[in-house]
Amino acid sequence: MQKTFLVCFAILSLSGCEKIDNINPNVPANVNPGVVLPQVLYNISNTLVGNAFELNNELIQYTCMNNTFTEVQRFKLQPANSNGIWGLYGRLRDLNDIVAMSGQGEGLTNYATIAEVIKIYIFSVITDTFGDVPYTDAGKADSERILTPAYDTQESIYSDMVARLQELAERVDVSGGLAYGGDPIYGGDMLKWKKFANSLRLRLLMRMSAKSPATETLIGEMLANPDRFPLMESNADNFVYRYTGSLPDVYPLAPNFVRDFDFKYKSVSAFIVDSLSKFNDSRLFQYARPTNASMGTDHPEYVGLPNALPVSESANYNGGYNFQSYLGTRFQSNTEPAIWMTWSEVLFLKTEAAIKGFYSADAKTLYESAIQASFEYWDAPFTSAYLQHPGVSFDGQLPKVYLQKFFALFFTGMEAWCEYRRTGYPLLVPGPTNVNDGKIPNRIPYPLAEQSLNQSHYEEAASRIGGDTMNGKMWWQN
């Protein structure tokens, strides 16, 4: 920003004013959408990784703390746990700026479309964490001076999101590009953005399908018309943010930000280690590392820690920290990608749709392709023998599909928790110190700031779900 000052001075009898310019040469005078977009994607990605690490992975028994009580794994959720996801509202202003800038020049409409798709993604994460949230009035503090936005019902939010995503996907100009660049996800390939918008819509339609029977028809229409509704077709279409590895653009769990000492307080859960070991699943070697005691030996051992054990039992489980498996070393790499959505997830959604009869397709082929796509993403060796394992082989039923999807969603934001609440799978057993009567929470309480700064709307929303507790259900839950 350029600022001009008048400097007045007097030397003896001489006085006057001189006009000088104070210009920061490191700040662009004219910001364009290609400058703002990567910053938005970077910030959202950091939020997804951080909340996967601290919330999702412990709620859903991917990981657990091994040296002390972590209130999350015990389900003692606090309003402070809301800060990360609720903070995504802060990105709406940047996205609105992109939309505004896109109207100031020719050939910039794709930026506006991308910004609107990202806004829908943000809203989906927020509403799936809290339930009823500000939607229609959100992000309008500057434009319309709405400082206390009303909370929309989750049902109305979902209805609008899926409608908007269809409109936005159709609006994408696949023959155009991004004049100013700034796309670290797809490098300006607008067909891939169209696929992402449709794939996200499929995710949301499936999530609401139990409460909105009409969505079955919409899902069938999408899947029967791939030319009109292209979806992700390979891992090259995955929506992942790839960090460059140069500060500050590094994976949020890398040693630059999370001390190695703190990182190793996170053990991989017994459920994950035992399940993957039982299936001879090579993704285990990506998700976890061998115990310190066995690392570098001819017989590396992988030992998971049961969630929410008493502190003394957790610290001493299987002989102590050196005999428990920490998260895989890849999650401390500067360049580990942040996952928003993958082709594997899309294939699992198509598998479920086929089994439920929403459209006609070979569910077995889709299921096996979904598994293989996940192995491929995680660079895990795969052989067809895996698909013949009794616990894996396709049987035409949904439980195995849901379990394999659970494995594939590792570190994908809050998605595994969403899918557990939607499907009830896998069959997880909360740890003995849980404080929620053995029930995995359905939601995170609203931030404390909402109780004071947006009190009337907060109270109205809380009353609709029987109080601002962790057990209030999502609208889309059975």
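## Salt-bridge network

D128, R203, R207, E345, E352, K356, K405, E415, E419 and R422 are joined to one another by a network of salt bridges. The model in which this network appears is a predicted one. Across the whole structure, the search returns 32 salt bridges. Side chains of opposite charge can pair when their charged atoms come close.

## Individual salt bridges

Two of the pairs lie within helices. In helix α5 (residues 154-171), E167 forms a salt bridge with R164, with 3.3 Å between the closest N and O atoms. The two residues are 3 apart in the sequence of this helix, so about one helical turn separates E167 from R164. E167 has a relative accessible area of 43% and is therefore partly exposed.

Helix α13 (residues 363-377) contains both K364 and E368, placed 4 residues apart, about one turn of the helix. K364 forms a salt bridge with E368, and their closest N and O atoms are 2.9 Å apart. The partners differ in exposure: K364 is partly exposed at a relative accessible area of 39%, whereas E368 has 16% relative accessibility and counts as buried, because the cut-off for that class is under 20%. A further salt bridge links E336 with R330, whose closest N and O atoms are 3.1 Å apart. In this pair E336 and R330 are both buried.

## Aromatic pairs

The count of aromatic pairs comes to 42. One of them is formed by W86 and Y446, with an edge-to-face arrangement, 6.0 Å from centre to centre and 80 degrees between the planes. W86 belongs to helix α2 (residues 83-86), while Y446 is found in the loop between α15 (415-423) and α16 (448-453), so this pair ties together parts of the chain that are 360 residues apart in sequence. Both W86 and Y446 are buried.

Y287 and F410 form a stacked pair, with ring centres 4.0 Å apart and an angle of 10 degrees between the planes. Because Y287 lies in helix α10 (residues 284-287) and F410 in the loop between α14 (398-408) and α15, the pair ties together parts that are 123 residues apart in sequence. Y287 is buried, as is F410. These two residues also belong to a cluster linked by ring pairs, which comprises Y62, F271, F279, Y287, F331, Y377, W378, F406, F407, F410 and F411.

## Charges over rings

Charged side chains also sit over aromatic rings in this model. The charged end of R421 is placed over the ring of W417, at 3.6 Å from the ring centre. For K266, the charged end sits over the ring of F53, and the distance to the ring centre is 4.7 Å.

## Packing of helices α4 and α5

Helix α5, which holds the E167 and R164 pair, also packs with another helix. The axes of helix α4 (residues 109-130) and α5 come within 10 Å of each other and cross at roughly 155 degrees. Since angles over 145 degrees count as roughly antiparallel, α4 is roughly antiparallel to α5. Their crossing is left-handed.

Note on methods. Residues numbered from 1 in each chain as written. Predicted model: local features only at pLDDT ≥ 70, side-chain atom pairs only at ≥ 80, totals over all residues. Heavy atoms only, no water. Salt bridge = Lys/Arg side-chain N within 4 Å of Asp/Glu carboxyl O. Buried < 20%, exposed > 50% of the residue type's maximum accessible area, 1.4 Å probe, protein only. Phe/Tyr/Trp six-rings, centres within 6.5 Å; stacked < 30°, edge-to-face > 60°. Lys NZ or Arg CZ within 6 Å of the ring centre and 35° of its normal. Axes fitted to C-alpha atoms, helices over the stretch in contact; angles between N-to-C directions. Parallel < 35°, antiparallel > 145°, perpendicular 65-115°, else oblique. Left-handed = near helix turned anticlockwise from the far one by under 90°.
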